[in-house]
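I opened the model to look up a few strands and one residue. My notes follow in the order I made them.

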Amino acid sequence: MSKRLLSIMLMISTLALTLSAQEKIEDPFEATRVKGDQSISIDIGGFVPLFVLDNTGTPISPSNMSIGAAFSVQYRYMLGKNFAIGGSGAGSFVTTVGGGTLFLAPIAITGAWIWSREPMEYEVSAELGMNIMRLYGNGLISPIAKFGGGISRFVDSSWSIGFKLNWWFVPEIHLGAYSNLTSYANFLEFSIGANYHF
């Protein structure tokens with residue numbers, strides 16, 4: 001009797017495993033990526049000066065800046081399953097050889113292509129906007145562009161945590177008699193952050 005019972009239990013277990021393996025595995029987070037969905041992210045990390053070009057395009061070496069820090073807050077609205085637009089506000093700073101602090105505060109519009117494979121989400125993004133710079137009490141407003149990508153992991157259907165890498169292109173444009181001071185700085189931001197999806 002016990003052998004027969006064991007055989008039946010073994011057959012039922014095998015059948016159950018076969019049926020469960022044949023079921024379509026659905027991404028529980030895929031449904032949240034539809035038009036109208038929104039997200040807010042907060043990121044913090046490091047800020048590395050890469051290189052600076054002068055007004056003729058010649059590299060200024062060394063850049064005379066050390067590694068600093070960056071943070072950002074970003075809002076996104078999904079226009080479809082994969083494309084989002086939104087806006088961001090950020091801040092970053094680096095110290096200079098002379099002991100000053102260069103502070104950057106860009107405000108930008110953003111666009112991102114987003115795709116996922118449970119439980120991970122990936123993105124490539126671009127941001128264009130205006131940047132407020134201050135150094136030694138002097139200020140300047142100039143354009144800025146950021147390009148990058150990121151990877152995040154869902155904790156549940158509303159929250160994810162992840163890592164981002166962004167290249168900042170920061171022109172410092174001067175006109176008239178000061179046009180020779182124009183330069184083009186390049187920075188690398190690496191950050192970790194939390195994303196809230198709603």
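Entry one. The model is a predicted one. I began with the turn after β7 and found a hairpin that joins β7 to β8 through 4 residues. I then looked up the pairing of these two strands. β7 and β8 (residues 159–172) run antiparallel, and 10 bridges join them. I noted one facing pair here: A145 stands opposite F169 in β8.

Entry two. I turned to the other partner of β7 in my notes. Strand β6 (residues 120–135) and strand β7 (residues 138–154) are also antiparallel, with 16 bridges between them. For a facing pair I wrote down M130, which stands opposite P143 in β7. The hairpin of β6 and β7 has 2 residues between the strands. In that hairpin I found that Y136 takes a positive phi near 55°.

Entry three. I followed Y136 to a side-chain partner. The side chains of Y136 and T96 are joined by a polar contact of 3.3 Å. I looked up where T96 sits: T96 belongs to the loop between β4 (83–95) and β5 (101–117).

Entry four. Is T96 buried or exposed? I read a relative accessible area of 18% for T96. Buried means under 20%, so T96 counts as buried.

Entry five. Which residues touch T96, leaving aside its neighbours within four places in sequence? I listed N64, M65, L135 and Y136. Y136 thus appears twice in my notes on T96, once in this contact list and once in the polar contact.

Terms used: Residues numbered from 1 in each chain as written. Predicted model: local features only at pLDDT ≥ 70, side-chain atom pairs only at ≥ 80, totals over all residues. Heavy atoms only, no water. Buried < 20%, exposed > 50% of the residue type's maximum accessible area, 1.4 Å probe, protein only. Polar contact = N/O pair within 3.5 Å; in protein donor to acceptor, adjacent residues only side chain to side chain. Contact = heavy atoms within 4.5 Å. Pairing = 2+ DSSP bridges.
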